[in-house]
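Reader: I have a new structure to read. Where should I start?
Author: Let us look at it together and take one feature at a time.

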Amino acid sequence: MGTVTKLKGEQLKLPGIAEEARNSIYPEDFLWFWSEYPNKKGKLEALRMWRQTADLRPDIESIIAAVNNQKNTNQWMKGYIPYPSTWLNQGRWDDE
């Protein structure tokens, strides 16, 4: 495999590996969560937390519903949105 390069402000680039191949490490349900979650920071850490919370999390439809409900809260509308890894780690799907 080629060397991993990272320029300031860029995501990791893996030379010779297509975008589709890089995305294949992400399960479909995680990608759905990621597409709905408004704070797109720390994707690999979020994936780690996704895997770590697998036995605790409800089904993906409930996760998406929780994210969509929280998008309408004052906190999130003001821009105070936790990183996705934090949201998962703290079980924020149970927040009211």
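**Reading a helical model**

Author: Start with one residue, E61, which sits in helix 4. Keep in mind that the model is predicted.

Reader: Is E61 buried, exposed or partly exposed?

Author: Look at relative accessible area. Under 20% is buried and over 50% is exposed. E61 has 49%, so E61 is partly exposed.

Reader: Which residue, 32 places away along the chain, should I compare with E61 in space?

Author: Take D29. The C-alpha atoms of E61 and D29 are separated by 9.2 Å.

Reader: What reaches the backbone nitrogen of E61?

Author: A side-chain oxygen of D59, at the start of helix 4. That oxygen comes to within 3.1 Å of the nitrogen.

Reader: Let me step back. How many helices and strands does the protein have?

Author: Six helices and zero strands. Along the sequence the pattern reads α-α-α-α-α-α.

Reader: How much of the protein counts as buried?

Author: Of its 96 residues, 29% do.

Reader: What share of contacts joins residues at least 24 apart?

Author: Count contacts between residues at least 6 apart in sequence. Of these, 52% join residues at least 24 apart.

Reader: How far can I trust the coordinates?

Author: Check the confidence before the details. Where pLDDT is low, the predicted coordinates should not be read in detail. Here the mean pLDDT is 85, and 76% of the residues reach 70 or more.

Reader: Where is confidence lowest, and where is it highest?

Author: Helix 1 is lowest, with a mean of 59. Helix 6 is highest, at 98. Over residues 1–10 the pLDDT is below 50. That stretch has nine contacts in the model beyond near neighbours in sequence.

Reader: Back to helix 4. How do I check the length of a helix?

Author: Allow 1.5 Å a residue, then compare with the distance between the end C-alpha atoms. The 12 residues of helix 4 should span 16 Å. Its ends are 17 Å apart, which agrees.

Reader: Which residues of helix 4 are buried?

Author: I60, I63, I64, A66, V67 and Q70.

Reader: Why do the buried residues of helix 4 line one face?

Author: The general idea comes from the turn. An α-helix has 3.6 residues a turn, so residues three or four places apart point the same way. Now look down the axis of helix 4. Its buried residues fall within an arc of 160°, so they line one face.

Reader: What do the buried residues of helix 4 pack against?

Author: Helix 2, helix 3, helix 5 (74–77) and helix 6.

Reader: Which residues of helix 2 are buried?

Author: F30, F33 and W34. They fall within an arc of 100° seen down the axis, so they line one face of helix 2. Their cover includes helix 3, helix 4 and helix 6.

Reader: And in helix 3, which residues are buried?

Author: K43, A46, L47, M49 and W50 are. They cover an arc of only 165° around the axis, which puts them on the same side of helix 3. On the other side, R51 and Q52 are exposed.

Reader: Which residues touch the most other members of the largest nonpolar core?

Author: F30, F33, W50, I63, W87 and L88 do, in a core of 18 residues. Helix 2 (28–36), helix 3 (43–52), helix 4 (60–71) and helix 6 (84–89) each supply at least two of its residues. Helix 4 gives the most, with five.

Reader: What does I63 touch?

Author: Leave out residues up to four places away in sequence. Then I63 touches F33, W50, R57, P58, W87 and W93.

Reader: What about the loops?

Author: Try P27, in the loop between helix 1 (19–23) and helix 2. At 29% relative accessibility, P27 counts as partly exposed. P27 and L47 are 20 residues apart in sequence and 8.9 Å apart in space, C-alpha to C-alpha.

Reader: Where does A54 lie?

Author: In the loop between helix 3 and helix 4. A54 is partly exposed, at 39% relative accessibility. A54 and L88 are 34 residues apart in sequence, and their C-alpha atoms are 9.8 Å apart in space.

Conventions:
Residues are numbered from 1 along each chain as its sequence is written. This is a predicted model: local features need pLDDT of at least 70, side-chain atom pairs count only at pLDDT 80 or more; totals for chains, interfaces and linings use all residues. Side-chain values use heavy atoms; hydrogens and water are left out. A nonpolar core is a set of buried Ala, Val, Leu, Ile, Met, Phe, Trp, Tyr and Cys residues joined through side-chain atoms within 4.5 Å. Buried means under 20% relative accessible area, exposed over 50%, partly exposed in between (1.4 Å probe, protein chains only). Helices (H or I, at least four residues) and strands (E, at least two) are DSSP runs, numbered from the N terminus. Contact means heavy atoms within 4.5 Å. The expected span of a helix is 1.5 Å times one less than its number of residues. The arc is that of the directions from the helix axis to the C-beta atoms. A polar contact is a pair of N or O atoms within 3.5 Å; within protein, one must be able to donate a hydrogen and the other to accept it, and residues adjacent in sequence count only if both atoms are side-chain atoms. pLDDT is the predictor's confidence in each residue, from 0 to 100.
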